[in-house]
Amino acid sequence: MKYWLLTTEFPPFYGGGIGTYCNFTAQMLAAKGHHVTVFVPEWNTPTDLISETDNIRVIRFAPNRTKTQDFMGYIAMLSYEFAHVVGEYMKKESRPDILETQDYQGIGYYLHMYKLFGYENFKDLTVVTSIHATALSYMKVNKEPVFKLPGFWMGEMEKFAVLASDLVITPSNYIVDRLAEDFRVRDREVNLVRYPIKSNAPKPDFSFERNNIVFFGKMVYTKGGFHLIEYFKNLWDQGFTHSLKMIGETNLHLHLEDMNAMDYINSKYKKYIDEGLLIFTGKLQLAEAQKHLKKAHIVIIPSLIDNFPYTVMETMLEGKVVLASRQGGHSELVEDGETGFLFDHTEPQTFFTQLQKALALTDEEISLFGKKAYEKIINDFNFATIYEQKMQVIERYLQKKTASNRTFPYIRPVPLTVKAEELALNGSKKELLSVVIPYYNLGDLVIETVESVLKSTYNNLEILVVDDGSNAESQKSLATLKAKYPDVIVLHKKNSGLSDSRNYGAKHATGEYLAFLDADDLINPDYYEKAVRVLQQYDNVHFVGCWSKYFENNDGYWLSVTPEPPFILFHNTMHCALIYKKASYLTTGNDASMKQGLEDWECIVHLTSKGLGGVSLPEALFQYRVRTNSMIRKLTKAKFLDLYSYVANKHQRFYANYASDLVNLLNSNGPGLYLDNPTIDKATHGITGPVIINKFNSRLKNIVSKNYYLKKIALKVKRLIE
């Protein structure tokens, strides 16, 4: 089997849970004769670094091949780079039998888009998503602002990636229950496959230093370290004399307090630090950390949320007594009173009771606990056992794999409120695409626009130019157009505005599909073919857009994303040159009273409110001419606000369904009319631009994160910017 793994972490540079999982999974599959390829980004190389040993090929790819850092935020760009590097290697050597990607940061988002939209090489790909630790779930527990962009959009990417996968696996049932708070995991099958582990170390001797109590983990809320310190503070205040040793990174930012973790700890617990009761070692090299583990009497895992942490498995493999919270998948691993002890943060007294039990164990009892813990890991999580679990799940899926699903996996599906007969062909010509081009005083530009349509690879189309009462000079241009291309239909009407011109053209269109294109813009030859393919593939997709490429007075790009609530109610994510199922469009049309602009956004909101959703192709297939005298450039801030107010009032019932989310988006980001796209940090985008931000993320951020003083300076700068 040809098996590809996509990950942001892989040894030797990363030793976290995801990296450890990918390392062991690659070894496990390779040992059974499968050919494994691991894709991991590497910022410090201009070209791909490829190494291969024992059936495992590691491709450390340079994540800047698409140059999308000019208009995409870091996380979205990383996902896009993953999709492109996979596409490049599939072209060179065919697709894998299975491609597995992590859930974290939604790195599979664009890969799923390519697959669902039927792109070559991607459409028949079997994609497995392994649920490790979604950033959204951990952000919530860490008290980070989950509605602040681009973090909010990263959460949307993660939600979509889970829904869009062919197969979803997870090592614990616990994490599925927690994800159900924000993810539609109950709407699909999630398969339990435990993590594999392998140890080359000799069997432990079960030695320990009595009363040596240790915590391993970063000082963030998710790991439970702050709760643990509070528990021990209560004990110390009552005369408890044993110290607590905290091993792990402390140079971290606490969002709720808006300060460095160690500064916060010193401000609250300096007394206990000075008395030697609370000990911090900081982040240690693996060998040093293992020395502390070997000496430990009790290892405490007080997570507030966790999936199936390797820390617990490694601790049990070392034959140590584990005292762990029930707030994690490790509660399915530790057998209370047999291979360790469990407590519940919702009942704090259980911690003190279980700690007392653990401390009271005799040396012989501790040795027995250690042996049972060791045997549990060796017997239940070895490569052979987990390989069988994984293969059974994969083979079961492949055996029952059916034809393509005709339902696109929206994150928040809106119920369909339109009657079936309204969406019928009703005399329209099947598969014909009607391209409506509203025209008003744009001279010969319309000829260039029409010629771009005539180059379309989708040949079954008609072109209708709707003249909205243009002047005599522009009438000459229309006459020239008609003479040059007699099959183009030119309709004349009195001036009534862009919205009414679009509706007029739609009523005269005879095709099953309908496209609008402004008379000064252009399309790429394959835009309509790809869009119609998606409309034909999904019953619940009613319009399709794509990214925009600016030209004339600007050479940049504009990122378009799938228009779903709540974000589409907060900020428009689509351009005006969309392709519709005509019957769907006619249920709403353009609002003819909106003569100042944003009529295309209102139409999208209106369609979405009826359950007539749309999608965006992840590439720039539409060319938008930036003219200094265009209608959108004449909009003042007051006009923007008036139009936003009009849309919200017209669709207030729909907006009311997402009131809480919209308030949170507004409080976290300010008015939606100032945004560019949801993948970018608005606070810094206006100052430095996405190129600088992404370079900072990829290079400088890593340096700053490791230096206490640089981090304090960066925090002050962040406060000034925001």
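I started with strand β5 (residues 98-102): five of its five residues are buried, so the strand is largely enclosed by the rest of the structure. Worth jotting down that I'm working from a predicted model here.

I then checked the two faces of β5. Both are covered, with I98, E100 and Q102 buried on one side and L99 and T101 buried on the other.

Next I looked up the neighbours. β5 pairs with strand β1 (residues 2-6) in the parallel sense, over four bridges. On that side, L99 of β5 is the bridge partner of W4. Strand β6 (residues 127-130) also runs parallel to β5, joined by four bridges. There I found Q102 opposite S130 of β6. To get from β5 to β6 the chain goes through helix α3 (residues 109-116), and this β-α-β crossover is right-handed.

Then on to helix α2, residues 74-93. I get 20 residues and 29 Å from first C-alpha to last, close to the expected 28 Å. Of those 20 residues, 15 are buried, so α2 is largely enclosed by the rest of the structure too. Right after the helix comes S94, with a positive phi near 75°.

Last, the cysteines. How many disulfides does the count come to? Zero. I looked at C546 to see why: its closest cysteine sulfur is in C576, 10 Å away, which is too far for a bond when the cut-off is 2.5 Å. Going the other way, C576 has C546 as the closest one, at that 10 Å. I also noted burial for the pair: C546 is buried at 0% relative accessibility, and C576 is buried with a relative accessible area of 11%.

Note on methods: Residues are numbered from 1 along each chain as its sequence is written. This is a predicted model: local features need pLDDT of at least 70, side-chain atom pairs count only at pLDDT 80 or more; totals for chains, interfaces and linings use all residues. Side-chain values use heavy atoms; hydrogens and water are left out. The expected span of a helix is 1.5 Å times one less than its number of residues. Buried means under 20% relative accessible area, exposed over 50%, partly exposed in between (1.4 Å probe, protein chains only). Two strands pair if DSSP finds at least two bridges between them. A crossover is right-handed if, with the strands pointing away from the viewer, the path from the first strand over the helix to the second runs clockwise.
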